[in-house]
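Reader: I am new to this structure. Could you walk me through it?

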Amino acid sequence: MDVERSSLCNCVVNFLLEENYLLSAFELLHELLDDGRDAQAIRLKDFFSNPSQFPPDQISRFNTLRVADPQSLLEEKEIVVEKLAISEYELRLAHEDLLRLRAELQKRTESPLNESSGSHLDVSASEDPTHQQGKRDYSFSDLGHLKETERRDLNCAVKEYLLLAGYRLTAMTFYEEVTDQDLDVWKNTPACVPDALRHYYYEYLSSTAEAAEEKMSILRERESLLKENESLSNEKESLLKNKDLADGQIIALTKSLEAFQKDIKDKEILVQDLKQSLELQRKELNECRAEITSLKMHIEGSRAGRVRVGGDTENVQASEIDNYKAEIKSLQREIERLKVGNSIIESPIESDFHQKEVTQTEEQVVEIHEDKVVTSHSTDLVSGVSNSVNAEGQALVVSTNKPKEVSHQPLISSFNGTVAENGGNVPKNDFVLLPEDSVQIIEPECARETVSEKMGLETIQTLSDALPKIVPYVLINHREELLPLIMCAIERHPDSNTRDSLTHTLFNLIKRPDEQQRRIIMDACVNLAKNVGEMRTESELLPQCWEQINHMYEERRLLVAQSCGELAEFVRPEIRDSLILSIVQQLVEDSATVVREAAAHNLALLLPLFPNMDKYFKVEELMFQMVCDPSGVVVETSLKELVPAVLLWGNKLDHILRVLLSHILGSAQRCQPLSGVEGSVDSHLRVLGERERWNIDVLLRMLTELLPFVHQKAIETCPFPSIAGSESAGSLFNTSLLELCAGGCVDWPTFDWLHVDCFPDMIQLACLLPQKEDHLRNRITKFLLTVSELFGDHYLRHIMLPVFLVAVGDGADLSLCPSSIQLRIKGLRPKTTVAERLATMCVLPLLLAGVLGATSRHEQLEEYLRKLLVQNTLREGAWSAHRTAELIDSVRFLCTFEEHHGIIFNILWEMVVSSNINMKISAANLLKVLVPYIDVKVASTHVLPALVTLGSDQNLNVKYASIDAFGAVAQHFKNDMIVDKIRVQMDAFLEDGSHEATVAVVRALVVAVPHTTQRLRDYLLTKILQLTTVSTHESDVMRRSERANAFCESIRALDATDLPTTSVRDFLLPAIQNLLKDSDALDPAHKEALEVILKEHSGGTLETISKVMGAHLGLASSMSSFFGESGLLGKKDTSVDPSEPIIPLQPTPQTPSEDTRFKRIMRGNFGDMLRGKGKGHEESTS
């Protein structure tokens, strides 16, 4: 210690001399000599005795100076102030000279004292800050020039050392000598530490010159990095400018693209116009064809009318046949001309739409075979036909598909011009059928199709017009029968506005459709989407969904949610993760629970249809939002359907786990602390709101649901394929695998996540939860038990158990933990007293129930509990005061799991029969807190025998501790046998007669009053009446007050229950009267409450109150005094001896003369004991 002190002193001496703090050094020399530390003063002696530094003539001159007294110092101060003002003026004039002098002072480092000897050397020598700064600027060391921050830190450290070492005069001189720094204010820098100089000294001893040089090189490198950073910043600014230019170019290109798109739309509109023009031209062409067909039929009819069938056809003249052939050829030429005209009309558009617009129609063809002839006896027939054809002009059109097709079907005709297919009988004298010689007439299929299509469109139009009028008049339960008609009309109607109206009718078919009706409507929409294709589904069905999303009825919004998942298959992929996802996102915010549930379900159906992962993080955010939904139904659907779907789609389990743990801890950390007292246990605990508690609960459920996925991925990513292939999933995580993980540097992130991230975060969460948060602690316990089930007993014994043992402050074997995480696990050990209490309060329950509570660890649990409750108590003599409550609460939490009751009560019985008093008291306290978690059988066979044993103990503290436990049993069980045992034991306690036993019994039973049977309430009432009747000779007012207040609390609790009238009359009211006798012992609040109870149970009559307040207290009641002797109720007897035994109050019969309407009204509010006599009296008077 002396060596260290000397070294520090030498450091201070060197610093003062280097920095030219001569006055402080001179003062330190004197204090060292006064302390007898000559060894440390040698250098200072040599320095100040050096003639070159301090010439003897100047010293002798200064010694001749008189000793300054206060008055002279004051005068000198005034002179100095005047000189200072003059100096300030001269300072402004000589600024340039000072700069020159400052440069000279930096060069003259050898003789600083000679330069300053011309100025004041006494205490009042107020060197200006500029001179002080110059005085320090010429100190150097091997590490270079002292920086300003370093000089300030060293000044503060030296000041601190001088004060701690007791050199106060030197410290005062140092304060005055350092004028450019406030030594009382040390800025918060890394050098600001307590006892700084010693820290610097130790740091110096532990470092080397090479380390110092390395530090300087690091500092120089840091400066170069800062310059490089500045250059990179400049480069970044230039890049940002380039980016702005690129953005401008992008905007220009975007505008150009929009212009191109507009041109494309204009061209598309032009194409549509051309299509419409083509349709119009085709309609005109079809009309022309129909007209040609009718003309041809007219010609044939005319020709048939002129034919005169003769018997002899062999003499037909050749000239007639030639004329007929010529006429046919002229008709063919006309047909060719029409064909050319048709091709000219279709050519502008046909080049783009040839494949879609090829006509399939066949025209009627008239062809005559040269080897087949039709003859007539009249030469006018051929000429007539020729004239008719020529007169009609363009009357026939030859089919473009089969221009020369010849039919072998006979020509069937009639004289009236009608044509019928497949035969028809006509008279033989009017018509001749020649099978061999025929002219073919092919029916126009285009005409038939056109007519059929026209009739179909008219039917669809009629149906579309009628449906909106029909639907409102159809019963709601039968409207689904209209769905085929509505679907047919939507599918086939050509007008988009009409289709939109019909689609709106489809979605609004039923005002509030139930589940079955929604299913029918949705099936219809799905079939419609299959038939109409992607484009019409997007343009017609999805807009209807969007319109219904804000409908006032949740059934309609539910229909929208269902459509998102089922119609997504029939739209383009880019629509699924844009429009449909937006609809689902809005439904997630819906106020109706069923809609949010349907949104979760349909989002799970939608995810596999997404074309890419661009919207993953948005979907993940929606998933967490729905998992934290306030409705349990939505949470259940999200956990069972949505979470697995997101995992399967995104395959980002690691990211979800990180975000999940962050949400769990964040929900707790955002809450206010239980106490604002910094450093207390309650300041670490959080007051959870309902929302935060719910969020943590459902997120812990989600974490438990994800454990199988973690287990599966851990198996799939096992870095030891040989072991993973040879072992089953259940026995994979065995000791050999853990040894390989601990010995080798392997990367197994999914497996390491449990003990590196998850367990520490669960421990941190547990240390934020107050003791009342059993539900959340139970959720964490179930999570830990699930981990042990999935990963096996080897993982539990070698990884989980050591982590939690270290977290509660016990020793653990970490040999099989990976070496890379052992330091992190050791960091979980509590380091302060508050941390130890938190570990016992918050982490120990998890260790007992969640780790040792596993099925395979029951024996170790019993051993650990015995060590905790029995062996530690025997070894230490008693539980430490600050751990008792925490240990009891941990065992209480373990008792919430019924499978551990046997272990707990076996150890408790050992504590009950122990000879250690503290252990027995602790056993009684444990039994009290365990009562709410047991059944009647356990209470009868385990708890009551243990309490009876403790209640019979000779030690009063043990006996009184068991009384509260009996009260807890009475509070939770109404079994007659248990109640009888409690009454017997309470009688035994009261026989003791001690004040403590009486108060403890009464207060223990008061707790049970609202929950117990009427038998026990009556028992308590009788005991209170007995105890209040017996006059106490207690002189201590405090003990009398405690006793009276305990009785008052019991009476008030009993009064809040439904007591029988007899109990009120025979026990409650007399007990109140007895208590009111000793009014000095009563708390004013209790006294007022007793008076109110007395008034209520006395029916509210002034007469009864007067008797109670007067007869039993021996005083004139306030009511009697208020009304006076001749008042409403007359004079009341107040001369009853207070020492007379208390008997139940009896009503005094009223004489007929005193019976008034007011009294009859008041008697109507009497209790049962007064109403009987009142009725009898009224009957006798009537």
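Author: What follows is a short exchange about the fold, its aromatic pairs and a few single residues.

Author: This is a predicted model, in which local features need pLDDT of at least 70, side-chain atom pairs count only at pLDDT 80 or more, and totals for chains, interfaces and linings use all residues. Residues are numbered from 1 along each chain as its sequence is written, and side-chain values use heavy atoms, with hydrogens and water left out.

Reader: How many helices and strands are there in the protein chain?

Author: The protein chain has 48 helices and zero strands. Helices (H or I, at least four residues) and strands (E, at least two) are DSSP runs, numbered from the N terminus.

Reader: And what share of the residues is buried?

Author: Of the 1182 residues in the protein chain, 42% are buried. Buried means under 20% relative accessible area, exposed means over 50%, and partly exposed lies in between (1.4 Å probe, protein chains only).

Reader: What share of the contacts joins residues 24 or more positions apart?

Author: Among contacts in the protein chain with a separation of 6 or more, such residues account for 72%. A contact here means heavy atoms within 4.5 Å.

Reader: Let us take one helix. What span should α18 have?

Author: Helix α18 covers residues 496-507, and its twelve residues at 1.5 Å each should span 16 Å. The expected span is 1.5 Å times one less than the number of residues. The end C-alpha atoms of α18 are 16 Å apart, which agrees.

Reader: Which residues of α18 are buried?

Author: They are T498, R499, L502, T503, T505, L506 and F507.

Reader: Changing topic, how many aromatic pairs are there?

Author: The count comes to 14 aromatic pairs. Rings of Phe, Tyr and Trp (its six-membered ring) pair if their centres lie within 6.5 Å; planes under 30 degrees apart count as stacked, over 60 as edge-to-face and the rest as tilted. One of the pairs is Y21 with F174, which is edge-to-face at 5.1 Å centre to centre, with 75° between the planes.

Reader: Where do Y21 and F174 lie?

Author: Y21 is in the loop between α1 (2-18) and α2 (22-34), whereas F174 is in helix α10 (residues 168-177), so the pair ties together parts that are 153 residues apart in sequence. Y21 is buried, with a relative accessible area of 0%, and F174 is also buried, at 0%.

Reader: What about F966 and F989?

Author: Their ring centres are 6.0 Å apart and their planes are at 65°, so this pair is edge-to-face. F966 belongs to helix α38 (residues 956-972) and F989 to helix α39 (residues 976-991), 23 residues apart. Both F966 and F989 are buried.

Reader: Which residues do ring pairs link into a cluster?

Author: The cluster consists of W748, F751, F759, F791, Y795 and F804.

Reader: Now R572: is it buried or partly exposed?

Author: R572 counts as partly exposed, at 29% relative accessibility. This residue is in the loop between α20 (554-567) and α21 (573-588).

Reader: Which residues is R572 in contact with?

Author: Leaving aside neighbours within four places in sequence, R572 is in contact with E534, M535 and E538. The side chains of R572 and E538 make a polar contact (2.8 Å). A polar contact is a pair of N or O atoms within 3.5 Å; within protein, one must be able to donate a hydrogen and the other to accept it, and residues adjacent in sequence count only if both atoms are side-chain atoms.
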